[in-house]
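Here is a briefing on one protein chain. Have the model open while reading.

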Amino acid sequence: MADDATPLLSRRDGAVLTLTLNRPQALNSFDGALHEALIGALKAAAGDAGVRCVVITGAGRGFCAGQDLSDPAIAPDLTPGAAPKDIGKLIEERYKPLALAIHHFPVPVIAAVNGVAAGAGANLALNCDIVLAAKSASFIQAFSKIGLIPDCGGSWLLPRLVGRANAMALALLGEKCSAEEAQRIGLIWRCVADDALATETQALAARLAALPAKALAETRRAFDNADRMGLDGALSLEADVQRRLGMSHDYLEGVSAFFAKRAPVFKDR
């Protein structure tokens, strides 16, 4: 049973680390304690060579409802004449480090979206390398409804995932996007039956954990950099990365295993 006093639950199964956002009474919305716990756990996992895949999910009926608007860091003082809160400071100190930590993580990160993912919670999931969602889950870019723009990387992620037309509609209208629709438009990778989410996630995590971690991380970096370069630049980047990966243990192990017709055992990270 989830410990309601602990904002983040951590479970290690071999090389797979599962981090569960644990504020179910608030649909796992972010407050300072949850931010601190998640960033701390990611930092520790990044330095642990035994972790080869990370799963982020939520406790209870929601994945993450975004920022807790009752958090003193963001809750406006409604007293007439009161000074407004600096929400930019919140983004710089909490959401920017969180998004970058996931985006540059040394091993794959999976989001297992078990319920509503709204606002920064939706974009937390979209920052992950692969998103699996239960059929009952939904994604909501709720920012326009409170006079804000998509954050936690949403302004960068959305157009790249679904194109400008879909991104603008999701962001401006703030309407609920079902998991099935999210898969159809390319917002997420796959929608699965609710009762299959945990099993599918663990199978995917185990599969990724067995693959060469450096190559997976470099694949992410190559895709991201391709947005800023033409074909010539992408080909040069591929040559540079392949040069480095070709000198690694995992490349030699992969080729050796191929010729020996055995399963490879990758070790680099």
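The notes below go through strands, helices and two selected residues.

This is a predicted model. Strand β2 is largely enclosed by the rest of the structure, because six of its six residues are buried. Helices α6 and α8 match their expected spans, whereas α4 spans only 15 Å and bends at G163.

**Strand β2 and its partners**

- Both sides of β2 are buried: V16, T18 and T20 point one way, and L17, L19 and L21 point the other way.
- β1 (residues 8–13) runs antiparallel to β2, and six bridges join the two strands.
- D13 stands opposite V16 in that pairing.
- Two residues separate the strands of the β1–β2 hairpin, where G14 takes a positive phi near 65°.
- β2 also pairs with β3, in the parallel sense and over six bridges.
- T18 has V55 of β3 as its bridge partner.

**The four-stranded sheet**

- An open sheet of four strands has the order β4-β6-β8-β9, with mixed pairing.
- Its edge strands are β4 (62–64) and β9 (177–178), each paired on one side only.
- β6 and β8 (residues 138–140) run parallel and are joined by three bridges.
- V116 has S138 of β8 as its bridge partner.

**Helix α6**

- α6 covers residues 197–209, which makes 13 residues.
- At 1.5 Å a residue it should span 18 Å, and its end C-alpha atoms are 18 Å apart, so the two values agree.
- Its buried residues are L197, T201, L204, A205, L208 and A209.
- These cover an arc of only 130° around the axis, so they sit on the same side of α6.
- T199 and R207 are exposed, on the face turned away from the buried side.
- The cover over the buried residues includes strands β2, β3 (53–58), β5 (109–113), β7 (130–134) and β10 (190–192).
- Helix α7 (213–226) is also part of that cover.

**Helix α8**

- α8 has 15 residues, 231–245, and reaches 21 Å from its first C-alpha to its last.
- That is close to the 21 Å expected at 1.5 Å a residue.
- A234, L237, V241 and L245 are buried.
- Seen down the axis, they fall within an arc of 70°, so they line one face of the helix.
- D232 and R243 are exposed on the face turned away from the buried side.
- The buried residues of α8 pack against α7 and α9.

**Helix α4**

- α4 covers residues 154–173, and a straight helix of its 20 residues would span 28 Å at 1.5 Å a residue.
- The end C-alpha atoms of α4 span only 15 Å.
- The helix bends by about 125° at G163.
- Its buried residues are G154, L157, L158, V162, A167, L170 and A171.
- They pack against α3 (120–127) and β9.
- Just after α4, G174 takes a positive phi of about 60°.

**N114**

- N114 lies in the loop between β5 and β6 (116–118).
- Its relative accessible area is 17%, so N114 counts as buried.
- A polar atom of the N114 side chain lies 3.1 Å from the backbone oxygen of G60.
- The backbone oxygen of G62 lies 3.2 Å from a polar atom of the N114 side chain.
- Beyond its neighbours within four places in sequence, N114 is in contact with residues including T57, G58, A59, R61 and F63.
- A134, S136, A137 and L197 are also among the contacts of N114.

**R269**

- R269 is placed in the segment after α9 (249–260).
- R269 counts as partly exposed, because its relative accessibility is 23%.
- Its C-alpha atom is 9.8 Å from that of A46, although the two residues are 223 residues apart along the chain.
- A polar atom of the R269 side chain lies 2.3 Å from the backbone oxygen of D48.
- For the backbone oxygen of A45, the distance to a polar atom of the R269 side chain is 3.3 Å.
- Leaving aside neighbours within four places in sequence, the contacts of R269 include A46, G47, A49, V51 and R52.
- P106, V107, A213 and K214 are also among the contacts of R269.

Key. Residues are numbered from 1 along each chain as its sequence is written. This is a predicted model: local features need pLDDT of at least 70, side-chain atom pairs count only at pLDDT 80 or more; totals for chains, interfaces and linings use all residues. Side-chain values use heavy atoms; hydrogens and water are left out. The expected span of a helix is 1.5 Å times one less than its number of residues. Buried means under 20% relative accessible area, exposed over 50%, partly exposed in between (1.4 Å probe, protein chains only). The arc is that of the directions from the helix axis to the C-beta atoms. Contact means heavy atoms within 4.5 Å. A polar contact is a pair of N or O atoms within 3.5 Å; within protein, one must be able to donate a hydrogen and the other to accept it, and residues adjacent in sequence count only if both atoms are side-chain atoms. Two strands pair if DSSP finds at least two bridges between them. The bend at a residue is the angle between axes fitted to the seven residues ending there and the seven starting there.
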